[in-house]
Amino acid sequence: MKRKYPYSLAKGLTSTQIAVIVAVIVIVIIIGVVAGFVLTKGPSTTAVTTTVTSTFTTTTTIPSTTTSTPSNTVVFYTWWGGGDGGEALSQIIPAVKQYAGLQMQTYSIPGAGGTNAKYAILALIQAGKPPAAFQVHYGPEMISYVEAAPNGIHTFVNMTPYLIQWGLLNNAVYAVLQAGAYNGTLLSVPINVHRGAVLYVNTQLLREYNLPFPYNFSTLVYDTVQLANHGVSPWIIPGGDGGWDQFNVWEDIFLYLAGPQLYNELIYGTLNFSNPTVQKLINETNYWFLNFTSYNYPGWQSMSWEQAFALIAQGKVAFQANGNWVTNYASYINVTVYPPLPQYISNSSVSVVETPFPGTQHYYALVIDTIGIPVGPQEQQALQLAHFWSSYQGQEVWTKYKAVTYYKNGTDWYAQPAQWYDYQQLINTSEQNFVYQLSDGGVFDDVFAQIDSGLLTLQQVGKVGLSAWNSTLVSSMQQEQNEWLAAAKLGLGYLGFPGHPFAGYYPPWVTNPSAYGLTNNTQKTSNSVMLFLLPFLALPLAIASIDNKYYLLK
Amino acid sequence: MDKKMRPVIKASLHYLALAIVSVIWLIPVYAMLINGFKSNFEVLSTPVLVPPTKITFEAYVSVLLSLAKPLINSLIIVIPTSFISAFLGAMGAYFFYTLSYSFSRASSAISDVLFSLISLATFIPQEATLLPLTRLIVSMGLLDSYIGIIFALLIFYIPTGALLMSMFISVIPRSLIEAAKMDGTGDLKIFMKIVFPLSMPGFISTLIFIIIQAWNNFFIPLVLVTTPGMKLTSIAVLSYSGAYGTLYNDTFAAGMVASIIPLAIFVFLGRYFIRGLMALGGGGKGV
């Protein structure tokens with residue numbers, strides 16, 4: 001039979017043909033390797049250090065570059081699109097122009113925690129064209145940027161001296177700064193503080209069935225059972241966010257049962273699962289998690305937290321556990337959220353109340369939004385932006401619609417009554433009672449994904465899934481610890497300042513580095529700038545407040 | 001059963017199946033359309049398929065204003081990208097087609113190998129090329145520019161165009177090309193006068209395919225656009241979904257507005273797309 005083509009690959013090749021094919025492949029590979037090497041070669045960088053005299057009476061050594069461009073436009077990479085973040089951005093942009101003389105542009109990229117933006121930011125940094133500024137959470141999130149960046153920690157502006165110069169070390173709630181300091185180094189500037197571990201309660205529903213407000217855990221359990229007996233769905237724990245809402249409920253219960261010390265051990269993955277007390281606490285947490293989720297609103301599987309809150313606002317469900325961004329979001333559906341004070345709870349016109357998760361009133365779960373600044377041509381403009389945004393005046397504009405400020409001397413400028421309550425609790429919580437919300441930046445991204453998935457599965461399958469969930473929890477905590485150890489090798493092994501760790505807790509590799517194969521000089525190494533820190537802490541509040549009025553005077 | 005009735009029943013069943021499939025496909029469009037007309041609260045509190053109790057144009061007005069520039073940007077990027085990719089892809093496919101039989105067994109083998117490598121390029125995840133691609137565009141001074149994005153998209157879509165067009169060009173009778181060559185016609189003229197006109201349905205199919213791919217491309221504009229004014233539709237649409245709050249009515253309205261242009265292209269050129277697929281089914285095998 002005559003072949004259609006004079007040649008067929010399927011019929012065997014002559015040695016010449018094979019040689020040609022191999023040669024082509026080799027040439028392509030060589031070209032690919034050479035091109036890859038040339039294109040991925042790191043950009044050359046030059047670091048210039050200058051001494052800058054601050055606007056007030058002290059001198060601080062601040063690294064800066066001399067390559068700033070005259071453009072007054074600053075692009076801020078953010079994941080805030082719709083909702084409260086979008087509204088707050090629309091308020092801050094004209095204020096930045098008026099008081100800092102900068103044209104701020106927001107480049108919103110979807111994905112909480114910068115899941116999408118991270119690729120773009122790191123690629124641009126690698127290519128030598130970093131964005132001016134980007135949004136990042138406090139907690140371990142920034143470490144993932146440092147680990148992936150070409151020059152490690154030096155890729156980003158060390159914000160510690162700036163925060164000292166701007167007076168934040170004196171004027172801000174100290175725990176807020178501790179939550180973003182890695183072994184004393186702050187790599188981003190805080191712009192607002194959210195509160196996690198809160199419960200949204202429809203008080204009209206409770207009044208209708210004559211039930212007490214859940215100030216404590218046992219009342220929450222009682223109300224849950226009573227509402228269910230009346231044929232009302234007590235809880236909405238939606239599944240449309242991929243397990244994030246489940247994580248919120250689980251960690252809130254754990255915080256109530258175990259307290260902040262053990263909760264913070266989860267942040268580092270150091271919780272001792274072989275300890276019988278810990279095992280008991282985990283079992284109890286799992287028990288209550290399954291208990292509450294068994295009272296879930298029908299159709300929870302596909303709902304998001306926003307839809308869940310609409311059910312709360314409508315009085316179809318009594319309880320939703322989440323963070324206080326829900327309070328800001330409520331403004332968009334014209335719902336006012338009140339604090340858990342008797343005058344509101346007993347007021348028949350009040351329907352939605354935000355309260356600390358029952359049993360956690362004395363603790364504060366932080367979720368802090370910040371601005372990171374890569375070293376680059378727009379560094380100075382980005383610093384100006386961060387300076388205004390973090391100033392008292394900037395906070396007044398920004399936090400009206402978004403979370404609360406961290407200034408210790410703030411007043412009630414908030415759009416929602418519940419915000420003022422959260423703010424007062426923030427400034428009155430003692431240092432050891434702070435935790436960083438696990439489900440919002442308190443653990444590394446991959447660990448977060450594992451836990452989300454594990455808890456969503458547990459809710460779906462019920463008790464039979466406990467063994468798998470416990471296994472997921474243990475392995476994800478091991479992963480968390482490994483990632484912190486990797487950070488420790490970079491000298492960023494814990495949250496807080498030397499001598500002042502976040503929530504008073506040092507992970508064990510800081511206290512006993514040799515047991516983890518670490519050298520002493522990677523741990524508790526004081527940032528050189530920290531030498532200036534202690535005297536500053538002792539300075540009177542008034543000195544720094546001069547700086548806070550800087551923009552007011554402009 | 002009456003033999004006369006059989007074709008009627010058969011046709012009825014066909015149409016019934018088509019109707020069911022059509023309804024299933026139209027449900028998302030319906031949901032997008034009606035939820036854009038709901039208020040902030042109603043879109044959260046009512047089922048997604050229930051029409052609005054009170055129609056409001058707020059979301060559509062807001063979205064149209066903010067999507068105007070991204071829509072224009074996307075058109076500026078997608079039109080040249082798709083035409084260049086499909087046209088150069090067609091030329092490449094013709095080259096490999098002629099190479100596969102023109103000279104010798106060796107040239108045929110080279111054609112097969114090279115074309116396989118090019119085809120392989122269409123399967124490389126764009127994310128895997130992130131760093132070298134960004135550095136290349138930055139080193140060329142094309143970051144955050146129309147040309148830079150078009151160039152980056154062409155890297156991925158020219159091989160796609162070549163791969164798709166090879167299926168259509170290979171069904172053109174070889175005798176036509178050989179006759180033209182015997183008359184002394186050059187390859188460029190053969191391509192422009194014979195191959196390209198004959199493969200027009202395939203070209204339009206390829207064009208539409210690339211338009212839709214480029215229009216929806218998220219990753220390349222995500223990285224190579226650094227200022228809000230250059231934002232493309234694929235990024236702008238998703239920016240209504242914030243981490244701490246999704247504006248669902250705006251999101252639905254944005255989805256609807258963003259899909260109008262590719263939808264219109266498909267409606268007007270859809271018959272050519274179908275013709276192209278039919279030509280493919282009629283004997284296209286690739287180079």
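Reader: How do you know that the span of helix α11 (residues 276-293) of chain A agrees with its 18 residues?

Author: The expected span is 1.5 Å times one less than the number of residues. For the 18 residues of α11(A) this gives 26 Å, and the end C-alpha atoms are 25 Å apart, so the two agree. Helices are DSSP runs of H or I with at least four residues, strands runs of E with at least two, numbered from the N terminus. This is a predicted model: local features need pLDDT of at least 70, side-chain atom pairs pLDDT 80 or more, while totals for chains, interfaces and linings use all residues. Residues are numbered from 1 along each chain as written, chains are lettered from A and ligands numbered from 1 in order of writing, and side-chain values use heavy atoms, without hydrogens and water.

Reader: What do the buried residues of α11(A) pack against?

Author: Buried means under 20% relative accessible area, exposed over 50%, partly exposed in between (1.4 Å probe, protein chains only). The buried residues of α11(A) include Val278(A), Leu281(A) and Trp288(A). Their partners, in contact (heavy atoms within 4.5 Å), are α9 (217-229), β10 (233-235), α10 (244-268), α18 (445-461) and α19 (466-489) of chain A.

Reader: Why does Ile24(B) count as exposed?

Author: Ile24(B) has 52% relative accessibility and therefore counts as exposed. Ile24(B) lies in helix α1 (residues 5-35) of chain B.

Reader: How many helices and strands does chain B have, and what share of its residues is buried?

Author: Chain B has twelve helices and two strands. Of its 287 residues, 46% count as buried.
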